[in-house]
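This report describes one protein model with a bound ligand, taking the binding site, the interior and some individual residues in turn.

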Amino acid sequence: MRVEPLTCAIGAELSGLDLGAASRDPLAMAEIRALLLRHKVLFFRDQAITRAEHVAFARHFGELEDHPVAGSDPEHPGLVRIYKSPDAPNDRYENGWHTDATWRDKPPFGCVLRCVECPPVGGDTMWANMALAYERLPWHLKEQIAGLRARHSIEATFGAAMPIERRLALKAQFPDAEHPVVRTHPETGEQILFVNAFTTHFTNFHTAANVRCGLDYAPGASLLLNYLVSQVQIPEYQVRWRWKPNSVAMWDNRSTQHYAVMDYPPCHRKMERAGIVGDTPF
Ligand code: SIN
């Protein structure tokens, strides 16, 4: 197996292995897990694997979960279809920078995403290293956010485009989650800046330590949240991956955010994603 880092901050391309065969080889899987922790996103080309092999590979890391809005392959539960086509122009919006499903109490461990079809150019995906984003914050901000917690909402994001009845039903099924603003990686011990597009507000900001007068709270708290959320945009924390059919990316969802670049209409783009169940952030 050859390992080539793609930037100084995040991401490595692995070559010389087939993911179908690797998932039957415990030594290869242990090495892939160690490389995932080190590089946070792993990239693979030319993986002409079946959907069953895709699922089997991802299952080594935990149970898979469906997505309440994006549908899954009927024969392979847990394999979410992210299909964009010119025939569904209202479904063309793409995501912003986010960590997957932080509106869950237990956001995913990670995901394995395979490209089925992509435009000849465009439709890249970007990832950012949120441990590095935390590490590079000024020390006084690290002190201020040390004990902060924040709310994460599917209602305010996926729900926003729905009629009110569907939106409220979605919220009843997935009530907002609350997570620490800085989480600790359960395997590496890294501190991670853990706010993203699903984060709506801090839940324990309004204290004497943070608020001297009204402006500190409104708009002070949301300005601070915006500043923290904006850190993901710093190019030095990022990697950008150009897809080809049968390319695969696997990311550690606990320590990264990603962004699917929406620059390719009216082309088709078909991706299949196995999302792996995670644990409670602390
Ligand atoms: C995702 O946001 O999980 C999918 C990213 C992509 O389609 O590139």
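## Burial, contacts and backbone in the predicted model

Glu187 counts as partly exposed, because its relative accessible area is 36%, a value that lies neither under 20% nor over 50%. In this predicted model, Glu187 sits in the loop that runs between strand E9 (182-184) and strand E10 (191-193). Leaving aside residues up to four places away in sequence, Glu187 touches Arg33, Leu37, Phe109 and Arg254, and with Arg33 there is a polar contact of 3.2 Å between the two side chains.

How far apart in space are Glu187 and His152, C-alpha to C-alpha? The two residues are separated by 35 positions in sequence and by 23 Å in space. His152 belongs to strand E7 (residues 149-152), and His152 is classed as buried because its relative accessibility is 0%. The side chain of His152 makes a polar contact of 3.4 Å with the side chain of Thr199. Beyond residues up to four places away in sequence, the residues that His152 touches include Thr102, Trp103, Asp176, His179, Phe194 and Phe198.

### The ligand site

The shell around the ligand is formed by Ile82, Asn95, His98, Asp100, Leu113, Thr125, Trp251, His258, Ala260, Arg269 and Arg273. By residue type, this shell divides into four nonpolar, four polar and three charged residues. Strand E14 (256-260) and strand E15 (269-276) each contribute at least two residues to the shell. Oxygen atoms of the ligand come within polar-contact distance of several side chains, among them those in the table.

| Side chain | Distance from its polar atom to a ligand oxygen atom |
|---|---|
| Thr125 | 2.5 Å |
| Arg269 | 2.7 Å |
| His258 | 3.1 Å |

On its own the ligand has 260 Å² of accessible area, and the protein covers 98% of that area.

### The nonpolar interior

In soluble globular proteins, nonpolar side chains tend to be buried together. Here the largest nonpolar core contains 43 residues, and those with the most contacts inside it are Trp127, Ile145, Val181, Leu193, Phe202, Leu228 and Trp243. Helix H4 (residues 130-135) gives this core its largest share, which amounts to five residues. Apart from this core lies another one, of 25 residues, with Leu17, Leu19, Leu42 and Val112 among them.

Which residues does Trp243 touch, not counting residues up to four places away in sequence? The list runs through Arg45, Leu113, Cys115, Cys118, Gly123, Asp124, Thr125, Trp127, Val248, Ala249, Arg269 and Met271. Among these partners of Trp243 are Leu113, Thr125 and Arg269, which also belong to the residues that surround the ligand.

Trp97 lies in the loop between strand E4 (79-84) and strand E5 (110-117). Is Trp97 buried or exposed? Trp97 is buried, because its relative accessible area is 13% and the cut-off for burial is under 20%. Again not counting residues up to four places away in sequence, Trp97 touches Met126, Trp127, Ala128, Asn196, Ala197, Val232, Gln233, Gln238, Gln257, His258 and Tyr259. Two of the residues named here recur elsewhere in this account, since Trp127 is listed for the largest nonpolar core and His258 for the shell around the ligand, and Trp97 touches both Trp127 and His258. Trp97 and Thr7 are 90 residues apart in sequence and 19 Å apart in space, C-alpha to C-alpha.

### Backbone geometry

Most residues other than glycine have a negative phi, and most peptide bonds are trans. Against that background, the peptide bond from Ala218 to Pro219 is cis, with omega near 10 degrees. Pro219 is placed in the loop between helix H7 (214-217) and helix H8 (220-230).

Lys40 is a residue other than glycine with a positive phi, near 75 degrees, and Lys40 is found in the loop between helix H2 (26-39) and strand E3 (41-44). Asp46 likewise has a positive phi, near 55 degrees, and its place is in the loop between E3 and helix H3 (51-59). Lys40 is buried, because its relative accessible area is 4%, whereas Asp46 is exposed, because its relative accessible area is 66%.

Terms used: Residues are numbered from 1 along each chain as its sequence is written. This is a predicted model: local features need pLDDT of at least 70, side-chain atom pairs count only at pLDDT 80 or more; totals for chains, interfaces and linings use all residues. Side-chain values use heavy atoms; hydrogens and water are left out. A residue is near a molecule or strand if one of its heavy atoms lies within 4 Å of it. A polar contact is a pair of N or O atoms within 3.5 Å; within protein, one must be able to donate a hydrogen and the other to accept it, and residues adjacent in sequence count only if both atoms are side-chain atoms. Accessible areas come from the Shrake-Rupley method with a 1.4 Å probe; for residues, only the protein chains shown count as cover. Helices (H or I, at least four residues) and strands (E, at least two) are DSSP runs, numbered from the N terminus. Ala, Val, Leu, Ile, Met, Phe, Trp, Tyr, Cys and Pro count as nonpolar, Asp, Glu, Lys and Arg as charged, and the others, Gly among them, as polar. A nonpolar core is a set of buried Ala, Val, Leu, Ile, Met, Phe, Trp, Tyr and Cys residues joined through side-chain atoms within 4.5 Å. Buried means under 20% relative accessible area, exposed over 50%, partly exposed in between (1.4 Å probe, protein chains only). Contact means heavy atoms within 4.5 Å.
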